[in-house]
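User: I have a structure open and want to understand the labels people put on it. Can you take me through them step by step?

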Amino acid sequence: PVSSERDLPDLIRAHLSSVWSLELLLLVRRDRDRDWTVKGLTEELRASLPIVTSVLDAFERSGLVAHDGDGRYRYAPASRLLAEFGDLVERQYRERPVAVINLIVAPEDRLQQLADAFRFRGRDRR
């Protein structure tokens, strides 16, 4: 299970390749009972069709969304870990959006520094 912010950097690296993927995850998670078309997501996010298609393909492979075969997608984490990841990303993005974005866009060599800073703040809040 996702025990704390300590797990967030690795999960972000595994599941969120861009800020577009973060935005798409938050959108489908927020409206988790809604079935989305690629066109609908593209319009809602004001993104390009290739970006949305690529993110949805990656999310489907990783188990974050399900595809119904008729061109519709829905937030459907395939495991408890993925559901907890969605919860944690949403909460951390609401509380510290810049820190979450930095975890997504940081080069590999800076990722550990950012993760350490993220953990430090988490301990201060307890």
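User: Which residue follows H3, and what is the sign of its phi?

Analyst: This is a predicted model, so each value here is computed from predicted atoms. H3 is followed by Arg46. The phi of Arg46 is positive, near 55°. Arg46 is not a glycine. Its place is in the loop between H3 (38-45) and helix H4 (49-62).

User: Why is Arg46 called exposed?

Analyst: Set the value against the cut-off. Exposed means over 50% relative accessible area. Arg46 has 75% relative accessibility, so Arg46 counts as exposed.

User: Which residues of H3 are buried, and what do they pack against?

Analyst: The buried residues of H3 are Val38, Gly40, Leu41, Thr42 and Leu45. They pack against H2, strand E1 (36-37), H4 and strand E3 (72-75).

User: What makes Arg72 partly exposed?

Analyst: Buried means under 20%, exposed means over 50%, and partly exposed is in between. Arg72 is at 36%, so Arg72 counts as partly exposed. Arg72 lies in strand E3.

User: How do you know which residues are in contact with Arg72?

Analyst: Contact means heavy atoms within 4.5 Å. Neighbours within four places in sequence are left aside. That gives Asp35, Trp36, Thr37, Ala66 and His67 as contacts of Arg72. Take Trp36: Arg72 and Trp36 are 36 residues apart in sequence, but 5.1 Å apart in space, C-alpha to C-alpha.

User: Ser62 and Ser18 next. Why are they called partly exposed?

Analyst: The partly exposed range runs between the 20% and 50% cut-offs. Ser62 has a relative accessible area of 25%, so Ser62 is partly exposed. Ser18 has 22%, so Ser18 is partly exposed.

User: Where are Ser62 and Ser18?

Analyst: Ser62 is in helix H4. Leaving aside neighbours within four places in sequence, Ser62 is in contact with His15 and Leu82. The C-alpha atoms of Ser62 and Pro77 are separated by 8.8 Å, and these two are 15 residues apart along the chain. Ser18 is found in the loop between H1 and helix H2 (19-30). Ser18 and Ile104 are 86 residues apart in sequence and 6.1 Å apart in space, C-alpha to C-alpha.

User: Ile104 belongs to H6. How do you know that the buried residues of H6 are on the same side?

Analyst: First, the list. In H6 (residues 97-105) the buried residues are Ala99, Val100, Leu103 and Ile104. They cover an arc of only 140° around the axis, so they are on the same side of H6. On the other side of H6, Val98 and Val105 are exposed.

User: Why do residues a few places apart point the same way?

Analyst: An α-helix has 3.6 residues a turn, so residues three or four places apart point the same way.

User: Why is H1 called oblique to H6?

Analyst: The axes of H1 (residues 8-15) and H6 come within 9 Å and cross at roughly 55°. Under 35 degrees would be roughly parallel, and 65 to 115 roughly perpendicular. The angle fits neither range, so H1 is oblique to H6. The crossing is right-handed.

User: Which residues meet there, and of which class are they?

Analyst: Leu8, Pro9 and Ile12 in H1 meet Val100, Leu103 and Ile104 in H6. The contact has six nonpolar, no polar and no charged residues.

User: What makes H1 and H5 roughly perpendicular?

Analyst: H1 and helix H5 (residues 80-95) pack at an angle of about 105°, with their axes 11 Å apart. The roughly perpendicular range is 65 to 115 degrees. The angle falls in that range, so H1 and H5 are roughly perpendicular to each other.

User: Which residues make the contact of H1 with H5?

Analyst: From H1 come Leu8, Leu11, Ile12 and His15. From H5 come Leu82, Phe85, Leu88, Val89 and Gln92. By class, that is seven nonpolar, two polar and no charged residues.

User: Last, the whole protein. How many helices and strands are there, and in what order do they run?

Analyst: There are seven helices and three strands. From the N terminus on, the order is α-α-β-α-α-β-β-α-α-α. Of the 126 residues, 40% count as buried. Among contacts with a separation of 6 or more, residues 24 or more positions apart account for 58%.

Conventions: Residues are numbered from 1 along each chain as its sequence is written. This is a predicted model: local features need pLDDT of at least 70, side-chain atom pairs count only at pLDDT 80 or more; totals for chains, interfaces and linings use all residues. Side-chain values use heavy atoms; hydrogens and water are left out. Buried means under 20% relative accessible area, exposed over 50%, partly exposed in between (1.4 Å probe, protein chains only). Helices (H or I, at least four residues) and strands (E, at least two) are DSSP runs, numbered from the N terminus. The arc is that of the directions from the helix axis to the C-beta atoms. Axes are lines fitted to C-alpha atoms, for helices over the stretch in contact, and angles run from 0 to 180 degrees between N-to-C directions. Angles under 35 degrees count as roughly parallel, over 145 as roughly antiparallel, 65 to 115 as roughly perpendicular and the rest as oblique. A crossing is left-handed if the near helix is turned anticlockwise from the far one by less than a right angle, and right-handed if clockwise. Ala, Val, Leu, Ile, Met, Phe, Trp, Tyr, Cys and Pro count as nonpolar, Asp, Glu, Lys and Arg as charged, and the others, Gly among them, as polar.
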